[in-house]
There are 2 protein chains.
Amino acid sequence: MLNKEKEFSKVILCEYLLSMEGEDGKVKQNQMIVIEKNKIQFVGPVSNPLPKAKEVIRLNNHLVCPGLINTHTHLPMVLFRGLGDHLTLKGWLEEIIFPLEKKMINPDFIRVGTELALLELIKNGITTVCDMYFHTPVMAEVFESYGLRGLLAVDMLSSFSDWKEDLDSLCNQYGKENQRVYPAIACHAPYTCEPDLLKLSAEESEKRKIPIAIHVAETEWEVSEIKKRYGKTPVAHLKDCGVIGPHCVFVHCVHLSEDDINIMAETNTPLSYNPESNMKLSSGVAPILKALEKGIVVGMGTDGAASNNDLNLFTEMDTGAKLQKLKNPDKTIEAKDIFSMVTSSAAKVLGLSHRIGKIQTGFFADIIALDLNHPNLYPRNNLLNHLVYSASGREVDFLMCHGKVLMKDSEIQGVDEFRIYAEAELMRKTFFQ
Amino acid sequence: MLNKEKEFSKVILCEYLLSMEGEDGKVKQNQMIVIEKNKIQFVGPVSNPLPKAKEVIRLNNHLVCPGLINTHTHLPMVLFRGLGDHLTLKGWLEEIIFPLEKKMINPDFIRVGTELALLELIKNGITTVCDMYFHTPVMAEVFESYGLRGLLAVDMLSSFSDWKEDLDSLCNQYGKENQRVYPAIACHAPYTCEPDLLKLSAEESEKRKIPIAIHVAETEWEVSEIKKRYGKTPVAHLKDCGVIGPHCVFVHCVHLSEDDINIMAETNTPLSYNPESNMKLSSGVAPILKALEKGIVVGMGTDGAASNNDLNLFTEMDTGAKLQKLKNPDKTIEAKDIFSMVTSSAAKVLGLSHRIGKIQTGFFADIIALDLNHPNLYPRNNLLNHLVYSASGREVDFLMCHGKVLMKDSEIQGVDEFRIYAEAELMRKTFFQ
């Protein structure tokens, strides 16, 4: 029961609410969300009188749902957006990305890239990401100032800074209860990380109680390379190195054997599905329905914008669902299962299912709303299906993270977008000098 | 040379212009477009002084390009958006769409559906569509009043009205020079239209000098069914029935043999590529790169919103390009070739390449502009790639068709959107009564 005398921070009145509390994808009408500081205190039918609150936010003609969770990104790569789009993976990496990274990566590049990326995330309704890139402490500062939530994974292979120093810095400063930045470890891939480094990562992960994110079985080449080196698949190899389990985010998993799927299921290792990147780089189609059948937890990710080319989970849901329909003509795919890949299941992937991914009492107040007055959301035959197959991201005009309103009436609060655009352009002008 | 004394209708000043005049995808800066009534009189560098004009439209920080062309739609099906999305083609058609069509199709349904669809088209920068549905003269009236351009194909199989009457009515009223509605013939598919009807359609098409649109080789089932009935592939069968050639729009073409591709190339029969619908209905991946190699003209289409679920050629380009990358890992795909599938090549598909698809002197003034101040369009590494892989449609805030401004600052001119939304909702409430 809500305390009738207490004045809460905020009450949100929702004409339509998709809380994902029961993970059933049900939309309820005329609901209210009561928020105290950064947490949800109550979710239920609108009461009369309303609870006392410092601010009442009325979202008429809106669909309110949990802030979306992007389980795999390389945010600062937004600055490489649109480069080498005609190339396939090898040429794209070797001719474009690696030389540019070698030249460009420094704390300023990371700051500008992260700022530009966060604008895009907010406008697309994303409140949490799991990121792997460089100079992670710089990214953490930007997340702190913008108000978004991020698992920021320190690259164990980075040549730009010392992983131990970065990890110590993040672990000292962040990861505490009620913070929004969570330290994590990034191992690039089984073919770039030697077994000793993988084992060390597993030890660090266990010691510090933080997750590991790693690209796994992205290409056929990787699978055959790992088999050549170690006589087993990437998943089996990672298991042997101790990089396996519910704290490990296995990204891509395009080329999994039946045994790989069984290993991941038995060890409760979650999977990050990145359909658009896998298509764009000609990698293949991940066996998502098989993984789900075996009980593997699946979240979606956009990957970096340089191989996507956006940070938009609405279009990712649409494409990801359709790609599975193409791969599995005889199976039924429910929109609720796709939507959970960017909300409740995505939270499980990141080990945060007790705090985010649902609009539920005790959870962090990470909430977005879509303005339903867009032609592509009419008629309202099925709002959940519209979220997955019709919404493009433009409909999100309200975003709250950790109880703070970051976007209202489509305006990002307290950020000068034009300053960031200008800085991104200045950065671009140095790429080809 | 422009007449310096003459006062033109409009001058558009473009900071960035992608005219597609040379079909090379080149973006030029500081260009002007001079418009007289419904036609483009001049395209070139901004002059000083400017030509005299009744209205000067300054599109700073915008990318101006030709209005997009959607080569395959069933517009009124927007009203069925979001129904049966978990089903595959057979169940979706038989359990959901056919019974609803039988119950719902009448002129009022067609009017409301077309109005709702046109809002969505305008907001996504689409100025021309090729549509197949029912009560085509009703659709024509809506096109007339909204100001968009449409090839409206009369269904030869319609049980809702008489095809000859509808076709006579359209041909008498429309299709003249400087009009925006073009009559066409729709044959549903080789498996639903008997050979006699196909031959009759070919005759009517020749007599009236209007195009034929037809679904071809959409599913494996169709190919085997046609082989069983006629001992040949759908393409070969259509050739025998006279439904082949540059005036025929072959839609889908997912399952083409080498011979089919050769027949289409030899007869200059164009292809409408509908990647999102083909994925959603588990149909397969059309062999677009092979078709292009043989010189077949390819345009894109969204298909009806009920199997997509939107009318958005930006997301269609993105998905369509990625789907070909997935199918053809060893090939290079240029963004200009994808963009031409919604502009210059799409105009060729519809037999209108002398009038639309490019911003060029003598062409109709069908012009859109994207506001570049969106985070997903920064940095400006490659604006053409951004159009194909990053834009989501929300960036389009200006649209002109046939010389008339239909959307400005994201506001559709002279239309009460809320009236249409309300009518769409009223229509929905009758679906399941």
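# Exercises on a two-chain model

Chain B and chain A bury about 4,900 Å² between them, and 57% of that area is on carbon and sulfur atoms. The model is a predicted one. The exercises below start at this interface and then turn to the single chains.

**Exercise 1.** Find how many residues each chain gives to the contact, and which residues of chain B lose the most area to chain A.

*Solution.* Step 1: count the residues on each side. The contact takes 61 residues from chain A and 60 residues from chain B. Step 2: look at the area lost on the side of chain B. Lys322(B), Pro375(B) and Arg394(B) lose the most area to chain A, together 14% of what that side buries. Step 3: look for charged pairs across the interface. The rule finds two salt bridges there. Lys322(B) forms a salt bridge with Glu276(A), with the closest N and O atoms 2.5 Å apart. Lys322(B) therefore appears twice in this solution, once for the area it loses and once for its salt bridge.

**Exercise 2.** Work out how the two copies are related, and whether they meet through the same surface or through different ones.

*Solution.* Step 1: superpose the chains. A turn of 180° with a shift of 0.0 Å along the axis lays chain B on chain A with an RMSD of 0.0 Å. Step 2: draw the conclusion. The copies are thus related as by a two-fold rotation axis. Step 3: compare the interface residues. Of the interface residues of chain B, 100% are also interface residues in chain A, so the copies meet through the same surface.

**Exercise 3.** Describe how helix 3 and helix 4 of chain A are placed relative to each other, and which residues meet.

*Solution.* Step 1: take the axes. Those of helix 3 (residues 136-146) of chain A and helix 4 (residues 163-173) of chain A come within 9 Å and cross at roughly 25°. Step 2: classify the angle. Angles under 35 degrees count as roughly parallel, and helix 3 of chain A and helix 4 of chain A are therefore roughly parallel to each other. Step 3: list the contact. From helix 3 of chain A come Thr136(A), Pro137(A) and Ala140(A), which meet Asp166(A), Ser169(A) and Leu170(A) in helix 4 of chain A. Step 4: sort these residues. Three are nonpolar, two are polar and one is charged.

**Exercise 4.** Locate the cis peptide bonds that end at Pro49(A) and Asn309(B).

*Solution.* Step 1: in chain A, a cis peptide bond joins Asn48(A) and Pro49(A), with omega about 5°. Pro49(A) is in the loop between strand 3 (39-45) and strand 4 (53-66) of chain A. Step 2: in chain B, the peptide bond from Asn308(B) to Asn309(B) is cis, and its omega is near 10°. Asn309(B) is found in the loop between strand 12 (298-300) and helix 11 (313-327) of chain B.

**Exercise 5.** Describe the surroundings of Asp371(B).

*Solution.* Step 1: place the residue. Asp371(B) lies in strand 13 (residues 367-371) of chain B. Step 2: list its contacts, leaving aside neighbours within four places in sequence. They are Asn61(B), His62(B), Leu377(B), Glu395(B) and Asp397(B). Step 3: follow one contact. Asn61(B) lies in strand 4 (residues 53-66) of chain B. Phi of Asn61(B) is near 55°, a positive value in a residue other than glycine.

**Exercise 6.** Explain what the salt bridge of Glu36(A) with Lys6(A) ties together.

*Solution.* Step 1: the closest N and O atoms of Glu36(A) and Lys6(A) are 3.5 Å apart. Step 2: Glu36(A) lies in strand 2 (residues 28-36) of chain A and Lys6(A) in the segment before strand 1 (8-17) of chain A, so the pair ties together parts that are 30 residues apart in sequence.

Notes. Residues are numbered from 1 along each chain as its sequence is written. Chains are lettered from A and ligands numbered from 1 in the order in which they are written. This is a predicted model: local features need pLDDT of at least 70, side-chain atom pairs count only at pLDDT 80 or more; totals for chains, interfaces and linings use all residues. Side-chain values use heavy atoms; hydrogens and water are left out. Copies are superposed by least squares on the C-alpha atoms of residues with pLDDT of at least 70 in both. Contact means heavy atoms within 4.5 Å. Axes are lines fitted to C-alpha atoms, for helices over the stretch in contact, and angles run from 0 to 180 degrees between N-to-C directions. Helices (H or I, at least four residues) and strands (E, at least two) are DSSP runs, numbered from the N terminus. Angles under 35 degrees count as roughly parallel, over 145 as roughly antiparallel, 65 to 115 as roughly perpendicular and the rest as oblique. Ala, Val, Leu, Ile, Met, Phe, Trp, Tyr, Cys and Pro count as nonpolar, Asp, Glu, Lys and Arg as charged, and the others, Gly among them, as polar. Buried area is the accessible area (1.4 Å probe) that two parts lose on being put together, summed over both. A salt bridge is a side-chain nitrogen of Lys or Arg within 4 Å of a carboxyl oxygen of Asp or Glu.
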